[in-house]
Amino acid sequence: MSKDIYALAEHRQGEMRDVTFEILTKAKILAKETGGSTVAVILGSGIDNLAESLKSYADKVVYIENDKLGHFHSEYYQEALKSLFEERKPFLMVMGHTSVAYELAPSLALKLDIPVITGCIDFRIDGSSVYSVNSVYGGKVNAEYSFNSENGGIVTILAGSMPAEEGGLSGELEKVSFSFDLEFEDKIFLQFVEAVAGEIDITQAEKIISIGRGIKEEENLAMIQELADSIGGVVACSRPIVDAGWLPKSRQVGSSGKTVKPKLYIAIGISGDFQHLMGMRNADTIIAINKDPNAPIFGAADYGIVDDLFKVVPALKDKVAELK
Ligand SMILES: Cc1cc2nc3c(=O)[nH]c(=O)nc-3n(C[C@H](O)[C@H](O)[C@H](O)COP(=O)(O)OP(=O)(O)OC[C@H]3O[C@@H](n4cnc5c(N)ncnc54)[C@H](O)[C@@H]3O)c2cc1C
């Protein structure tokens, strides 16, 4: 068994998904500790450029090319990864906890007869054991799980749980040609349908003004929209605002909403429950406005204002107008 940490690079429509860089960053940190290599694994068809783009994030980029891997197909992915795993015996394979991994990770683990932990927010390695941190009971408690990875193991990590850093490596590329002995035609790819992003894509915004239940009434949204407009930002929210029907689901930040990484995130009247923090804690600068000095959001914030938002927001708007 090697001490190498493999990370499955996920891509869609020719673009690498953000979570790929998060898991590669983590894989690099752990590979240093185990004394192994960071190996990025990418599957697909016509993926030379994508594989190339991973070189600075791994010591080695292994890419498996086959037309049958052109779109995600769990059975073909499993076959290719099983063969790679059996041949190279990595210590651990890390995947993003995405719709791909929901289907792939447990079934691959079963085929390989190795342990798997899904939906981690962090994990560490100690000797031959892997310890994960998982948020349970609606985020109220963190649980630790472990398995012995002597024969390999798989972990999947929630997107946004860890930062993605610049690579700084110069990995070698290894192209693996793979042919399938079996056909899995019970399930076929028909077409890619882009999810409706809503009129505003908050994941691309640089400045986000986010509101929570502290806003109290739907009519108070207008004041927030004005503040957002004045700084060229967009309005996002916590889940209760979506549940109340005041903003569409596409604006929800958090574990069951979107993960955002803006330059500026202003959280107004948001308590900062774990599920919300999951979606925004990697913003460059976080400012929290909350009348409760003990609100958990202050634990994640770079700057905090403890006061009534109905006093602070108009004052902020005036200040912005003054500075223009
Ligand atoms: C499976 C699951 C998934 C979830 N997914 C998400 C998710 O993706 N995103 C998400 O956000 N939540 C999610 N939640 C819900 C989450 O647990 C919290 O309930 C939610 O984030 C709380 O929203 P809030 O902070 O707006 O409301 P509250 O927790 O009610 O907080 C309101 C805050 O406003 C402050 N406040 C009130 N009045 C004022 C005022 N006048 N001035 C200043 N501050 C004021 C209060 O002090 C308080 O801190 C999920 C829950 C579950 C169980």
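Colleague: Is K89 buried or exposed, or somewhere in between?

Modeller: In between. This is a predicted model, and in it K89 has a relative accessible area of 42%, so K89 counts as partly exposed. The cut-offs are under 20% for buried and over 50% for exposed.

Colleague: Okay, and what about the backbone there? What is the phi of K89?

Modeller: General idea to start with: most residues other than glycine have a negative phi. K89 is not a glycine, yet its phi is positive, at about 50°. As for its place, K89 sits in the loop between α3 (74–88) and β6 (92–96).

Colleague: Which loop holds D113, and what is its phi?

Modeller: D113 belongs to the loop between α4 (99–112) and β7 (116–120). It is a residue other than glycine with a positive phi, near 55°. D113 is exposed, with a relative accessible area of 69%.

Colleague: Let's move to the inside. How do I read a nonpolar core?

Modeller: Think of buried nonpolar residues joined through side-chain atoms within 4.5 Å. Here the largest such core has 33 residues, and I5, I42, L54, L92 and V155 have the most contacts inside it. Helix α1 (residues 18–34) gives the most to this core, with seven residues.

Colleague: Take V155. Which residues is it in contact with, leaving aside neighbours within four places in sequence?

Modeller: V155 is in contact with L92, M93, V94 and M95, along with I117, C120, F123, V130 and F147.

Colleague: And what does the second core include?

Modeller: That one is separate and has 29 residues, including Y77, L81, I114 and F184.

Note on methods:
Residues numbered from 1 in each chain as written. Predicted model: local features only at pLDDT ≥ 70, side-chain atom pairs only at ≥ 80, totals over all residues. Heavy atoms only, no water. Buried < 20%, exposed > 50% of the residue type's maximum accessible area, 1.4 Å probe, protein only. Helix = DSSP H or I, 4+ residues; strand = E, 2+ residues; numbered from the N terminus. Contact = heavy atoms within 4.5 Å.
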